[in-house]
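The exercises below are to be worked with the sequence and the 3D structure open. Try each task before reading its solution.

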Amino acid sequence: MDLFNDFDITAIVGPVVSNGLKIILLIVAFMIASPIGKKVIKLSIERAGKHHQVNKGRTRTLEKLLINAFSYTLIFLFIAMLLGIFEIEIGPLLAGAGILGLAIGFGAQGLVSDVVTGFFLLLEKQIDVDDYVTTGGFEGIVEEVGLRTTKIRSFDGTLNFIPNRNISGVSNHSRGNMRALVDIGISYEENMDEAMKVLQNVCDEFASDERMKEGPDVLGVQQMGSSDVVLRIIGFTENMEQWAVERDLRKRLKEALDTAGIEIPYPHQVNITK
Amino acid sequence: MDLFNDFDITAIVGPVVSNGLKIILLIVAFMIASPIGKKVIKLSIERAGKHHQVNKGRTRTLEKLLINAFSYTLIFLFIAMLLGIFEIEIGPLLAGAGILGLAIGFGAQGLVSDVVTGFFLLLEKQIDVDDYVTTGGFEGIVEEVGLRTTKIRSFDGTLNFIPNRNISGVSNHSRGNMRALVDIGISYEENMDEAMKVLQNVCDEFASDERMKEGPDVLGVQQMGSSDVVLRIIGFTENMEQWAVERDLRKRLKEALDTAGIEIPYPHQVNITK
Amino acid sequence: MDLFNDFDITAIVGPVVSNGLKIILLIVAFMIASPIGKKVIKLSIERAGKHHQVNKGRTRTLEKLLINAFSYTLIFLFIAMLLGIFEIEIGPLLAGAGILGLAIGFGAQGLVSDVVTGFFLLLEKQIDVDDYVTTGGFEGIVEEVGLRTTKIRSFDGTLNFIPNRNISGVSNHSRGNMRALVDIGISYEENMDEAMKVLQNVCDEFASDERMKEGPDVLGVQQMGSSDVVLRIIGFTENMEQWAVERDLRKRLKEALDTAGIEIPYPHQVNITK
Amino acid sequence: MDLFNDFDITAIVGPVVSNGLKIILLIVAFMIASPIGKKVIKLSIERAGKHHQVNKGRTRTLEKLLINAFSYTLIFLFIAMLLGIFEIEIGPLLAGAGILGLAIGFGAQGLVSDVVTGFFLLLEKQIDVDDYVTTGGFEGIVEEVGLRTTKIRSFDGTLNFIPNRNISGVSNHSRGNMRALVDIGISYEENMDEAMKVLQNVCDEFASDERMKEGPDVLGVQQMGSSDVVLRIIGFTENMEQWAVERDLRKRLKEALDTAGIEIPYPHQVNITK
Amino acid sequence: MDLFNDFDITAIVGPVVSNGLKIILLIVAFMIASPIGKKVIKLSIERAGKHHQVNKGRTRTLEKLLINAFSYTLIFLFIAMLLGIFEIEIGPLLAGAGILGLAIGFGAQGLVSDVVTGFFLLLEKQIDVDDYVTTGGFEGIVEEVGLRTTKIRSFDGTLNFIPNRNISGVSNHSRGNMRALVDIGISYEENMDEAMKVLQNVCDEFASDERMKEGPDVLGVQQMGSSDVVLRIIGFTENMEQWAVERDLRKRLKEALDTAGIEIPYPHQVNITK
Amino acid sequence: MDLFNDFDITAIVGPVVSNGLKIILLIVAFMIASPIGKKVIKLSIERAGKHHQVNKGRTRTLEKLLINAFSYTLIFLFIAMLLGIFEIEIGPLLAGAGILGLAIGFGAQGLVSDVVTGFFLLLEKQIDVDDYVTTGGFEGIVEEVGLRTTKIRSFDGTLNFIPNRNISGVSNHSRGNMRALVDIGISYEENMDEAMKVLQNVCDEFASDERMKEGPDVLGVQQMGSSDVVLRIIGFTENMEQWAVERDLRKRLKEALDTAGIEIPYPHQVNITK
Amino acid sequence: MDLFNDFDITAIVGPVVSNGLKIILLIVAFMIASPIGKKVIKLSIERAGKHHQVNKGRTRTLEKLLINAFSYTLIFLFIAMLLGIFEIEIGPLLAGAGILGLAIGFGAQGLVSDVVTGFFLLLEKQIDVDDYVTTGGFEGIVEEVGLRTTKIRSFDGTLNFIPNRNISGVSNHSRGNMRALVDIGISYEENMDEAMKVLQNVCDEFASDERMKEGPDVLGVQQMGSSDVVLRIIGFTENMEQWAVERDLRKRLKEALDTAGIEIPYPHQVNITK
């Protein structure tokens, strides 16, 4: 018996053969995974692009971005597994990547949150383009609902970009008839019944306005104000017509009270010139 | 003895046989798990859909979504286990998936929170459709209580979408009689007893109103105001009738005081024209 | 020696026997754990239900819920352990469950927090049904203290549902005599000693009121106000009688000052009609 | 040689013997740990109870609670270790317990936080019973400092329960002499030196009051107010006497100014009756 | 047979050979990784520098910083792996590094968040240099959009540095025509129709101003103010011209009302000299 | 050959010997670690106590506390390692301790945060005893800077206990000369140059006051107020003398304006008695 | 064959030799790591000290602190690894250290956050000593930018210490010309064109002031105020001269209006003496 025979060749050869097989298997696996992954990314983005009518430039940017990230990840995994086959501890490597990954994961968390919220905004139809909404501290007309950000045009012309994650709770003002509400004060000395009759007359005429969905009506004495008895008038109008209706109603109610000689007791001021 | 014999064939063959068995077992397991999982998803959604009267379109969307996610997860697991059998380190793979999973987990956390809260909203009957509630910063009539979002219609016509997780604490205004409260001020110079008698008379008449559940009553001197002595009147009405009752009561109390010649000392203003 | 003999049958048979034993042990363990677990759940809920007087319907719902969850968990564990015996890597499986579990764990965290708080609310007797409390942003009479939610009826009739986790710090207004406090202003020109004597006389008479626990007393000059010298009167009353006492006291103090001819200098206003 | 001999009995017997030893060791360990643990819990609670004068009922409740929790934990550990000896993967079991444990751990975190804070409140003598403190948004007299909650009685009679974790920063008003501060305004037209002399005279007389620790003194012109020149008087009094001193001082200062004919120019109002 | 022979030399030699191979492999791996990593860092920064027009000095600083960090990490990994080959437990080492890494990871998290947000700010073109924006609590003209910070020049001359992570939601005022809005009040006694005609005449003339994109128009009675009836005029102007237009419009509307003899009832004051 | 011989005694004896050695090593390790640890704790606390002049009673309490905690931890570790030597899975035990540890860790986190902040407060000399500071929502004179809490005496006599962790940002008012600022208003009708000359004269005289570090000077017209033109005077004084200087300056400036016959136009009020 | 021979001496001797080698390697590693680590710490601090001009005392304190921490860590690692070589489970030890480490890690997190922010404050030159900045709720002149804290001197003389982590967003008022803005109101009755001409004349004269960078100009009618028509004047001045310029401009504009006889309609008050 020589040393070599006792050295037990199989302890060396066996692993070599088995490792060879593993490496080949690994390479094959990655050669299959790489193009499939890229294809999946491409198709997903294309389909998503079509579905949400995203413009071409952006989808291409996103595609390039994701394929880049995917490639780097594959390379990292390949090296890590290769080292793993040779039984070199890759724990440290992974730990290093872990810290980075943690940091990136937290960053990505925001994006995931954006996308998840965006997805449900669309699925549950909470928001449509051209809706008038209040959400995330902004108010205006929706210009675009994206996967990451929603664009809302304020009435003063400002374009607001809101990350979807900030949208928790949406007030959509474009989902039905809107209320028109006018509060009008009369003097404490006036007869309330008479005033309410005058106002109701205006309301009855106004009810025939085509913008009205539910006639304006005098509700009654809403408040004993600091200098006037406040009467409230309420009606429902076509969507987005509420402000115009309120303005018109306000003007006609005042004219009717003036005509009837009922005082609107705004807090006048003493005006004596020096 | 030749090398081959010493090579100990079993070290190669044994694992091959055992691995073969494992792979077959694995494939069988997945072939059983796949259709069962899909079936379970389908049935769960169908039942949930029936129970909560969700419309068909949405359940189908959700179904497709979940089955997709399930399939991808199965495929990922199958590959990972296959590699595991060949003893290729899948730690890195898992780490990669872990970071993604973490990000998705955090995203999903919000959904779980929505669903859990939604579930208890329904189980504990905190909210019913058509209730008038204040919750999550919104106030109005409940239009729909979903698993993820609750829809509340504000009185001005706005439709509010509230993720259930935002609902912590519900004020339900539709669970019993509501209070009608009127504060009315009289002049510091007036006799308080007399004024309270006049007001109580109105209250006693008003108590026969069918909307009243617990007669309005004069409580007494609530406050020594800046220009008046404030008297408080309280009663309980049928649900949702409180505002109308308050308006009517306010009007009749003022008329009674006017008739009795008791001054309501609102801060008049000096009006001298230029 | 033939190959088979060298193949060392024990390498195959041994594990088979040992695995068989493990599987049997596993099945036995689960057959014991399953009914015991279900029994424990049932009894726990029944006892909890009796202890906190929860109505039957709800306990049954909860029971069904928990037993369902328990069964699914057992099945998951059984499959996982079975695979473990055959040495199939179940790490991936667990990772998948881990992400889900994490999400559910976070959701459950809220419930645990509710139950723990609820438990201490009851143990430390911070809240009883019919107490008048302020907590979690709500104020009113406690209608029910549950394990998950507490119901508080506001004075305006609203029923508020508060998740127990939101209750951090309870102001209980039903644990002893309550203070009645009246601030009354006299003119800067009046004699303070005389006014205080008049007010103290009223207080002395009032002290015999059976609702008073600690006679009302004039404390002295609380503030040099913008138009009056403010005198403070304080007393302690039976619980929940404080508001009525304050109202009565306020009325009688004003009447006494009027009788004594001491001016209450509210900021009068110039009233000149046009 | 028969198959059985080759089967190598030791591969079976060895583990059996070794496992048997392990099991016995395990049972012994638990039989020792169980009564010791229970004893430790009992004694700890008893001692804690004595130290903080907790009443008997509550300590017994707590004891039963903790011993229950301890027993369940022991049983869980015993089963887990037993399975571990038979090399059945208990990872899944642990994972399940981990999720529950996580949830409970988070719940317990609040309690730990309560106890730690409570411990330091007592150790550092930040709060004593009968102290007048402001903390955690509440103000009043301390009635009890517990390990989990502190009870504070507001001046209006309300009893507040504050979880110790909410107590971050304590304002203790019972740790030394308190300041009495009176601001008094004189007319812009008055002589400031004269007014300050009058006020200082009152202060000098007042300094002999036994409640005063550091005589009241006129500091000077604190502010050019909207209608008056504000003079500030400051002194230090015995603890809890500050309010009474301020009220007395205020009265005597006003009387002195009235006597000296110095105007306190409060914003009078035009009073013309209709 | 001597002891040495039985000692089985291969148990020592085998590992030595295999470890030698591992070490060589490791050194080669690091010798490849080091220059590649440095190259990648250099190129990435150069490209990023060019793309975002960052000045040279800063890129060089960043480059040096990153290469330093990279080198230290490599050295740490090399030592860790070397120890790993000699089977010395490096767990403790890693744990030490882990705590540090955790701390650094949390620190880095903020940077990642900055960079991710900055990246999307640029990709989605939410912000351009010279835009007038409101974001993160600051308002002004954008001077620079960096990867970590954005610089905004306030209108008062202040330069604000905002970490990108603070930018959640951008209001961009430079993305379209802006609204010019003028509210003008007329006396309650004036004829509203006449006043609106006068104002509309001014608007019609003003519409020809080249800065106007959508003619100013009188909307109607916006509010019944405390001393005036408020009429609202709205128009849209070229971007950034809105303030100048509002100022001009305001002046011309007032002049027109003055000419027409319509009163603007500002709250005059009584002016009687002493 | 009998069964026993084949049983291979070494498989039992070897571990026994090796385990025996391990146990002895373990016991020795703990017998060394225990007294050293206690000594370290004692010395550390003694030295810390001396360095920060903590009184004896407290250090002894802390010492006893820490040594207790240390002993319990050692015992726990010893048992855990002993079980580990016998290869009994201690994972479950650790998991149990982990949950507890997590809870305690979170609790301890606050203490660590307190100590770290306290350490830097002292190291960076942000706060000294007797400094006048504003921090953590409290304002007053520092009475003690501890490792866990800082005590601040408010000017009204209250003693505030602030956990150091709440101290983020310190405003120290005792680190240099302080500004004295007086705003004084003159009538719109007065000559501004003349008034500023009068005021500057007072300032020039005042500059010789020994409390002044940088003479008071008239800056100019600070504001066009609602009823006066506001002039601002600024100077720098010795620390803590700023309020006295402001009061004196205010008085002398008013007297000078009175002498020069320049009106201070406070908003007088109409005083017509009924 | 005796038992001893069968006992296989190598099973004992082999490990002893291998462990001996490991221990020697370990000791060598630590003997190299210790002085290198200390040297690195010393040099790093020295260099950092020079770079940021930190005074000697502080660097030495920091050095001692870090070397202490480093030594303790080394000792801990050495012991842990030694035990590791003897295959004594050090998991429990690590777990213990882990809980402590976690607590310390969280504490350290704040420091890391401070240092990272401080580093970028300096790198990006957001803040320089002597800059006038607003950040973290404080406003004043920067006195020192440290790695952990930034010192800002308020204008009233207070020295503020701000942990760098609290600095998120810096408003630097020392980076360019500053705006001087004066709003001046004229009576509703005055001719606006004439008034603007008068004001523009003053501005044109003022433009020659050397402190002005961009001449003051009359912008137009900024607002229809409650009692005046507000005209706005804007200019840009040298840094830090904006307040002096505003004061001078304000005075000269008022004088010009007075000269031209244009009324500034401040809300006069009725002054009728009693």
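**Exercise 1. Describe the sheet of chain C: its strand order, its edges and its twist.**

Solution. The model is a predicted one.

Step 1. In chain C, 3 strands make up an open sheet in the order β6-β8-β7, and the pairing is antiparallel.

Step 2. The edge strands are β6 (178-186) and β7 (212-224) of chain C; each has a single partner strand, so one side of each has no neighbour in the sheet.

Step 3. From one strand to the next, the twist averages 20°.

**Exercise 2. How many bridges join β7(C) to β8 of chain C, and which residue stands opposite C:V218?**

Solution.

Step 1. Strand β8 of chain C covers residues 229-237, and 8 bridges join β7(C) to this strand, the two running antiparallel.

Step 2. Within β8(C), the residue opposite C:V218 is C:I233.

**Exercise 3. Find which strands of chain C helix α5 of chain C lies across, and which ones α6 of chain D touches.**

Solution.

Step 1. Helix α5 (residues 192-206) of chain C lies across β6, β7 and β8 of chain C, at about 165° to β7(C).

Step 2. Helix α6 (residues 242-260) of chain D also packs on the sheet, where it touches β7 and β8 of chain C. The direction of this chain D helix makes about 45° with that of β7(C).

**Exercise 4. Work through the sheet of chain G and the helices on it.**

Solution.

Step 1. The open sheet of chain G has 3 strands, ordered β6-β8-β7 and paired antiparallel.

Step 2. β6 (178-186) and β7 (212-224) of chain G are at the edges; because each has a single partner strand, one side of each is without a neighbour in the sheet. The average twist between one strand and the next is 20°.

Step 3. Between β6(G) and strand β8 (residues 229-237) of chain G there are 9 bridges, in the antiparallel sense. In this pair, G:I186 is opposite G:V229 of β8(G).

Step 4. Helix α6 (residues 242-260) of chain G packs on the sheet and touches β6, β7 and β8 of chain G, with its direction at about 25° to that of β6(G).

Step 5. Helix α6 (residues 242-260) of chain E lies across β7 and β8 of chain G and runs at about 45° to β7(G).

**Exercise 5. Where are the buried residues of α5(F) when the helix is seen down its axis?**

Solution.

Step 1. Check the length of the helix. Helix α5 of chain F has 15 residues (192-206), which should span 21 Å at 1.5 Å a residue; the end C-alpha atoms are 21 Å apart, so the two agree.

Step 2. List the buried residues. They are F:M192, F:A195, F:M196, F:V198, F:L199, F:V202, F:C203 and F:F206.

Step 3. Recall the geometry. An α-helix has 3.6 residues a turn, so residues three or four places apart point the same way.

Step 4. Apply the axis view. The buried residues of α5(F) fall within an arc of 160°, so they line one face of the helix. On the other side, F:K197 and F:E205 are exposed.

Step 5. Find the cover. The buried residues are covered by elements including β6 (178-186), β7 (212-224), β8 (229-237) and α6 (242-260) of chain F, together with α6 of chain G.

Step 6. Look at the start of the helix. There, a side-chain oxygen of F:N191 comes to within 2.9 Å of the backbone nitrogen of F:D193.

**Exercise 6. Locate D:D130 and F:M240, and classify each as buried, partly exposed or exposed.**

Solution.

Step 1. D:D130 is in the loop between α4 (91-123) and β1 (132-135) of chain D. Its phi is near 85°, positive although the residue is not glycine.

Step 2. The relative accessibility of D:D130 is 58%, so D:D130 counts as exposed, the cut-off being over 50%.

Step 3. F:M240 is in the loop between β8 and α6 of chain F. F:M240 is not a glycine either, yet has a positive phi of about 70°.

Step 4. With a relative accessible area of 32%, F:M240 is partly exposed.

Terms used
Residues are numbered from 1 along each chain as its sequence is written. Chains are lettered from A and ligands numbered from 1 in the order in which they are written. This is a predicted model: local features need pLDDT of at least 70, side-chain atom pairs count only at pLDDT 80 or more; totals for chains, interfaces and linings use all residues. Side-chain values use heavy atoms; hydrogens and water are left out. Two strands pair if DSSP finds at least two bridges between them. Helices (H or I, at least four residues) and strands (E, at least two) are DSSP runs, numbered from the N terminus. Axes are lines fitted to C-alpha atoms, for helices over the stretch in contact, and angles run from 0 to 180 degrees between N-to-C directions. Contact means heavy atoms within 4.5 Å. The expected span of a helix is 1.5 Å times one less than its number of residues. Buried means under 20% relative accessible area, exposed over 50%, partly exposed in between (1.4 Å probe, protein chains only). The arc is that of the directions from the helix axis to the C-beta atoms. A polar contact is a pair of N or O atoms within 3.5 Å; within protein, one must be able to donate a hydrogen and the other to accept it, and residues adjacent in sequence count only if both atoms are side-chain atoms.
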